[in-house]
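Here is a brief report on one chain. Look over the sequence and the coordinates first, then read on.

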Amino acid sequence: MCEYCENSKILGKSDSLNDGVEAVIDGGILRVSGWFDGCVGIKPVRIEIDVCPKCGRDLRGAANERG
C-alpha cells in the first residue's frame, strides 16, 4: 500500500507559512496548489498522471474512481 497514491499523503510542501506550494495525488490526478502572503490561495492545477511517482502503480482509470 502506497501512502501517497492510496491515502493522498502530501508529496511535497514548502516549509514557509507565507508563500508556498504543495502536491497531492488524487486518483489519477496530481493536484498542485499554492498560496502567498500567508493566506491568499492560488487555484490548484490538476495534471493527469499515468503512474504514481513514488511506487510506480498504474493510475490509469483511477481518476474516475474518485469523485
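## Sheet, hairpins and core

Val40 is partly exposed, at a relative accessible area of 35%. That value lies between the 20% and 50% cut-offs, so neither "buried" nor "exposed" applies. The model is predicted.

Val40 belongs to strand 4. Across the strand pair, Val40 is the bridge partner of Phe36. Val40 also joins Phe36 and Ile42 in a nonpolar patch on the surface. Together the three residues have about 230 Å² of accessible area.

How are the strands ordered in the sheet? The order is 1-2-3-4, in an open sheet of four strands with antiparallel pairing. Strand 1 (12-13) and strand 4 stand at the edges. Each has a single partner strand, so one side of each lacks a neighbour in the sheet.

Two hairpins can be set side by side.

| Hairpin | Bridges | Residues between the strands | Positive phi |
|---|---|---|---|
| Strand 2 (residues 20-26) and strand 3 (residues 29-36) | seven bridges | two residues | Gly27, near 65° |
| Strand 3 and strand 4 (residues 40-48) | seven bridges | three residues | Asp37, near 55° |

Both pairings are antiparallel. In the hairpin of strand 2 and strand 3, Asp26 stands opposite Ile29. Ile29 has a bridge partner in strand 4 as well: Glu48.

Now take strand 2 at Gly20. Is Gly20 buried or exposed? Gly20 is buried, because its relative accessible area of 16% is under the 20% cut-off. Which residues touch Gly20, beyond its neighbours within four places in sequence? The contacts are Ser14, Ser33, Gly34 and Trp35. Ser33 lies 13 residues away from Gly20 along the chain. The C-alpha atoms of Gly20 and Ser33 are separated by 8.5 Å.

The largest nonpolar core comes next. It has nine residues in all. They are Cys2, Tyr4, Cys5, Ala23, Ile25, Leu30, Ile49, Cys52 and Leu59. Tyr4 is in contact with Ile25, another member of this core. Leaving aside neighbours within four places in sequence, Tyr4 also contacts Lys9, Ile10, Leu11 and Lys54.

In short, Val40 is partly exposed, whereas Gly20 is buried. Val40 sits in strand 4, which stands at an edge of the sheet. Gly20 has its place in strand 2, and strand 2 pairs with strand 3.

Methods. Residues numbered from 1 in each chain as written. Predicted model: local features only at pLDDT ≥ 70, side-chain atom pairs only at ≥ 80, totals over all residues. Heavy atoms only, no water. Pairing = 2+ DSSP bridges. Buried < 20%, exposed > 50% of the residue type's maximum accessible area, 1.4 Å probe, protein only. Contact = heavy atoms within 4.5 Å. Patch = residues over 30% accessible without salt bridge, like charges linked within 9 Å, V, L, I, M, F, W, Y side chains within 5 Å. Areas by Shrake-Rupley, 256 points an atom, 1.4 Å probe, with all protein chains shown as cover. Salt bridge = Lys/Arg side-chain N within 4 Å of Asp/Glu carboxyl O. Core = buried A, V, L, I, M, F, W, Y, C linked by side-chain atoms within 4.5 Å.
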